[in-house]
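Visitor: I should be grateful for a close look at a single part of this structure. Please choose one element, set it within the whole, and then describe its inner and outer residues.

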Amino acid sequence: MSVRPMAYETQFFGFTPQTCMLRIYLAFQDYLFEMMVVVESVILKKLEALPAIQISRFEIRKSTEKFLHFMKARFDQLFGKMEEVLLQLVLSIPDNVLLPEDRVHQQYPYSQEEFQALQDEISQLQQQCRAEAAAGQALRAELEEQRAVQAELEKVVQWFDGLENICREHGTGNFKESLVFLTQNCKKLQDVLRDVEGKSKKIKKHQQLL
């Protein structure tokens, strides 16, 4: 069997020409073996009809195998010539023939160095795309955070507006003075609360002693 690499033919046919020839060889060989079995069975039947001829089954099998070896040798010789013809004239693509899917290489030829440069450029562009995608995601996250902060600030502004309106309703027009007034009242309330908590603790201790 031929071992010459036929990659272009494999691309076109979808199988290696050597594999095709091997299958043909095995099919012919199987047919030859089956034919020898049929020939042997016919000879045995003929001898059964002629009892005068004394030939044993062993001798018939030995002769059949000898004939099989002769036929196989002739078959291998003929198949070698047939394989050479088929691989050269039938299962081969001439050097001047270009497959349709490879015509783009003829229109846009590139050397190995140019192809590698394109691969490097593609790799760089992919890295840039990934970096830009990551940056865009970070910007979107920051924008969402800014929106949340803006919403909180708007709530604070609304609270101050409401507080200023309350001050105006109670006759206090200066918001700064109102804030000072509220701060002082809060401190007084905290002092009162601490005083109440202290007295409550003393009462609890007194009750526990009783």
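Guide: The protein contains six helices and zero strands, and its pattern along the sequence reads α-α-α-α-α-α. The model is a predicted one, and every value that follows is computed from it. Before turning to the chosen part, a few figures for the whole protein are useful. Of its 210 residues, 13% are buried. The protein exposes about 17800 Å², of which carbon and sulfur atoms supply 60%. Among contacts between residues at least 6 apart in sequence, 61% join residues at least 24 apart.

The part I propose to examine is helix α2, which covers residues 17-49. Helix α2 has 33 residues. From its first C-alpha to its last, α2 reaches 49 Å, close to the 48 Å expected at 1.5 Å a residue.

Consider next the residues of α2 that are covered. The buried residues of this helix are P17, Q18, M21, Y25, Q29, L32, M36, E40, L44 and L47. They pack against two other helices, namely α1 (7-13) and α3 (57-90).

One of these buried residues, E40, deserves individual attention. E40 has a relative accessible area of 9%, and it therefore counts as buried, the cut-off being under 20%. Once neighbours within four places in sequence are left aside, E40 is in contact with I60, R61 and T64. The numbering of these three partners places them within the range 57-90 given for α3.

The surface of the protein offers another view. Y31, M35, V39 and I43 form a nonpolar patch there, with about 340 Å² of accessible area together. I43, a member of this patch, lies in helix α2. Its relative accessibility is 35%, so I43 counts as partly exposed. Patch residues must have over 30% relative accessible area, and the 35% of I43 meets that condition.

A bench biochemist may also wish to know about the cysteines. The structure holds zero disulfides. C20 is partly exposed, because its relative accessible area of 23% lies between the limits of 20% and 50%. C129, at 51% relative accessibility, counts as exposed, since the limit for that class is over 50%.

To draw the picture of α2 together: its buried residues, E40 among them, pack against α1 and α3, whereas I43 of this helix is partly exposed and belongs to the nonpolar surface patch.

Definitions and conventions:
Residues numbered from 1 in each chain as written. Predicted model: local features only at pLDDT ≥ 70, side-chain atom pairs only at ≥ 80, totals over all residues. Heavy atoms only, no water. Patch = residues over 30% accessible without salt bridge, like charges linked within 9 Å, V, L, I, M, F, W, Y side chains within 5 Å. Areas by Shrake-Rupley, 256 points an atom, 1.4 Å probe, with all protein chains shown as cover. Salt bridge = Lys/Arg side-chain N within 4 Å of Asp/Glu carboxyl O. Helix = DSSP H or I, 4+ residues; strand = E, 2+ residues; numbered from the N terminus. Buried < 20%, exposed > 50% of the residue type's maximum accessible area, 1.4 Å probe, protein only. Contact = heavy atoms within 4.5 Å. Expected span 1.5 Å × (residues − 1). Disulfide = S-S within 2.5 Å.
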